[in-house]
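Below are my notes on the model, as numbered points. Please read them with the coordinates open.

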Amino acid sequence: MEAAVTQFGYILNWTLKAGSHQFPGPDGGTCINEAAIVAAGFPYQPVWRVEVMPRCFSRPICRLAMLLNDEADDVQRQRLLPFVTRLACADAPEVERLRQNYINARTSGRPLNFENGLMALEGALAIGRQATLLSGDEVSERLDQAKCIPEPATPDRTMIGKIKEWLGIEAEVS
């Protein structure tokens with residue numbers, strides 16, 4: 001794993017943190033899925049659930065990555081950085097079912113420890129389509145740009161705002 005961390009040295013100044021975040025700070029400060037969205041070339045967006053991820057992201061893999069991200073301690077969480085560029089690997093529904101079954105077989109029925117979860121993530125990523133490999137410069141530039149974009153307006157967290165968000169309805173701008 002040490003070689004993988006060295007290989008991804010260009011994103012090591014990005015800090016993965018537990019939970020979803022409104023906007024990355026100067027050190028990154030997002031969860032793995034939010035960092036993966038930016039690394040894949042999409043605009044930054046908070047991720048409270050994997051269903052809001054762009055369609056090119058594997059739902060079972062992103063769900064496991066989110067679980068590992070949120071349950072890891074600060075040191076363990078940084079070991080997820082090499083996976084940031086690998087999550088945009090959605091495949092056909094039957095492949096996604098195979099991935100989910102693989103993950104379930106390795107994580108169900110016992111407490112998930114980080115090492116076993118990391119091995120399950122690695123194995124699930126080996127099933128089906130692989131994410132398009134990006135150069136270190138591309139990923140680094142995308143992550144750096146996300147840190148420089150002005151923070152968006154605070155979303156409407158009222159009940160009506162939450163319902164509109166769940167339904168995918170844009171808030172009216174006054």
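1. Confidence. The protein has an average pLDDT of 78, and 66% of the residues score at least 70; pLDDT is the predictor's confidence in each residue, from 0 to 100. Helix α1 (residues 2–7) has the lowest confidence, with a mean of 40, and α5 the highest, at 95. Residues 1–12 have a pLDDT below 50, and beyond near neighbours in sequence this stretch has 16 contacts in the model. A contact means heavy atoms within 4.5 Å.

2. Basis. This is a predicted model, in which local features need pLDDT of at least 70, side-chain atom pairs count only at pLDDT 80 or more, and totals for chains, interfaces and linings use all residues. Residues are numbered from 1 along each chain as its sequence is written, and side-chain values use heavy atoms, with hydrogens and water left out.

3. Overall make-up. There are eight helices and two strands in the protein, in the order α-β-β-α-α-α-α-α-α-α from the N terminus. Helices (H or I, at least four residues) and strands (E, at least two) are DSSP runs, numbered from the N terminus. Of the 174 residues in the protein, 39% are buried; buried means under 20% relative accessible area, exposed over 50%, and partly exposed in between (1.4 Å probe, protein chains only). About 9600 Å² of the protein is exposed, 57% of it supplied by carbon and sulfur atoms. These areas come from the Shrake-Rupley method with a 1.4 Å probe; for residues, only the protein chains shown count as cover. Among contacts between residues at least 6 apart in sequence, 65% join residues at least 24 apart.

4. Nonpolar core. The largest nonpolar core has 33 residues, and those with the most contacts inside it are I32, F57, L80, L87 and L121. The elements giving two or more residues to this core are α2 (32–39), α3 and α6. A nonpolar core is a set of buried Ala, Val, Leu, Ile, Met, Phe, Trp, Tyr and Cys residues joined through side-chain atoms within 4.5 Å. Leaving aside neighbours within four places in sequence, L121 is in contact with I61, L64, L68, L80 and F83.

5. Helix α2. Eight of the eight residues of α2 are buried. E34 lies in this helix and counts as buried because its relative accessible area is 0%. Which partners does the E34 side chain have? The side chain reaches the backbone nitrogen of C31 at 3.1 Å, and a polar contact of 3.3 Å joins it to the side chain of Y44. A polar contact is a pair of N or O atoms within 3.5 Å; within protein, one must be able to donate a hydrogen and the other to accept it, and residues adjacent in sequence count only if both atoms are side-chain atoms. Just after α2, G41 takes a positive phi of about 100°.

6. V84. This residue sits in the loop between α4 and α5. V84 counts as buried because its relative accessibility is 2%. The C-alpha atoms of V84 and A36 are 4.7 Å apart, although 48 residues separate them along the chain.

7. Helices α3 and α6. With 13 residues, α3 reaches 18 Å from its first C-alpha to its last, close to the 18 Å expected at 1.5 Å a residue. Helix α6 (residues 114–125) has twelve residues and reaches 16 Å, close to the 16 Å expected; the expected span is 1.5 Å times one less than the number of residues. The buried residues of α3 are covered by elements including β1 (15–16), α2, α4, α5 and α6. Those of α6 pack against α3 (59–71), α4 (74–78) and α5 (93–107). At the N-terminal end of α6, N113 acts as a cap, with a side-chain oxygen 3.0 Å from the backbone nitrogen of E115.

8. R99 and G128. R99 lies in helix α5. Is R99 buried or exposed? R99 is buried, because its relative accessible area is 0%. Not counting residues up to four places away in sequence, R99 touches ten residues' worth of neighbours listed here in part, including S58, D91, A124, I127 and G128. G128 is found in the loop between α6 and α7 (136–148) and counts as partly exposed because its relative accessibility is 39%. With the same sequence neighbours left out, G128 touches D91, V95 and R99. The C-alpha atoms of G128 and V95, 33 residues apart along the chain, are separated by 6.1 Å.
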